[in-house]
Amino acid sequence: MPFTPDAQLDLAFAPELIPTEVAQQLPAELHLRPLASTDYHRGHLAVLSVLTVVTDPGEDAWRAQFEAVRAAPRTYYPIVIVDKPSDRIVAVGTVVVERKFLRGLGCVGHIEDIAVDKSQQGKKLGLRIIHALTAISENSGCYKTILNCSDSNIPFYEKCGYQKKENEMAKYAPEGRAQTPRL
């Protein structure tokens, strides 16, 4: 499958929001861009599966989720790194901008779902994703950018400029309950 240039893709947000200096740090055979409406076929879910169990909802449901993300402008910024020779996704991440009523109506960037294909790990792709998402967050006016990670990933995120602060709490919905949003 030949590489598809950004101009031929239906992207989640304007690619100009991704800092050029981060994209230029990638090897020539890799390309950093926003998630595209056709990335279901480029292995988006397969890359996410390095994080947790990923159920394939089918292309139509994946596309509906993409459209829901895009329908909230200036909120979701999903990015991918694509291997040009194969036109396959090899790394992903998202920053979600939360608008607050405190700190002068400030915003907080939440980094989520950082994943790098197992065959590409150790090549600083996660670092590039984090740098790009942090820049998008800061350029969106966020007063801080936060993320959750396992203890084993703390050293990686410290290399990215993050520091351990406070704790994470989670409450999962009961098993068997519908997991699809009903909004």
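This report describes the fold, the nonpolar core and three individual residues of a predicted model.

Local features are reported at pLDDT of at least 70 and side-chain atom pairs at pLDDT 80 or more, while totals for chains, interfaces and linings use all residues. Residues are numbered from 1 along each chain as its sequence is written, and side-chain values use heavy atoms, leaving out hydrogens and water.

**Overall fold**

Five helices and five strands make up the secondary structure of the chain; helices (H or I, at least four residues) and strands (E, at least two) are DSSP runs, numbered from the N terminus. Their order along the sequence is α-β-α-α-β-β-β-α-β-α. The C-alpha trace spans about 45 × 40 × 30 Å along its principal axes. The radius of gyration of the chain is 16 Å, in agreement with the value near 16 Å for a compact globule of 183 residues; this radius is taken over C-alpha atoms, and the globule rule is 2.2 Å times the number of residues to the power 0.38.

Of contacts between residues at least 6 apart in sequence, 63% join residues at least 24 apart, a contact being heavy atoms within 4.5 Å. Buried residues account for 40% of the 183 residues, where buried means under 20% relative accessible area, exposed over 50%, and partly exposed in between (1.4 Å probe, protein chains only).

**Nonpolar core**

The largest nonpolar core contains 42 residues; such a core is a set of buried Ala, Val, Leu, Ile, Met, Phe, Trp, Tyr and Cys residues joined through side-chain atoms within 4.5 Å. Elements that each supply at least two of its residues include β1 (30-34), β2 (76-83), β3 (88-99), β4 (107-116) and α4 (125-139). The largest share, seven residues, comes from α4. Leu-32 is among the residues with the most contacts inside the core, as are Ile-79, Ile-81 and Ile-129. Leaving aside residues up to four places away in sequence, Leu-32 touches Ile-79, Ile-81 and Ile-129, among others including Ile-18, Val-22 and Ala-132.

**Individual residues**

Two residues other than glycine have a positive phi: Asp-87, at about 55°, and Leu-105, near 60°. Their surroundings are listed below together with those of Pro-5.

| Residue | Place | Relative accessible area |
|---|---|---|
| Pro-5 | segment before α1 (20-23) | 33%, partly exposed |
| Asp-87 | loop between β2 and β3 | 1%, buried |
| Leu-105 | loop between β3 and β4 | 59%, exposed |

The C-alpha atoms of Pro-5 and Ser-37 are separated by 13 Å, with the two residues 32 apart along the chain.
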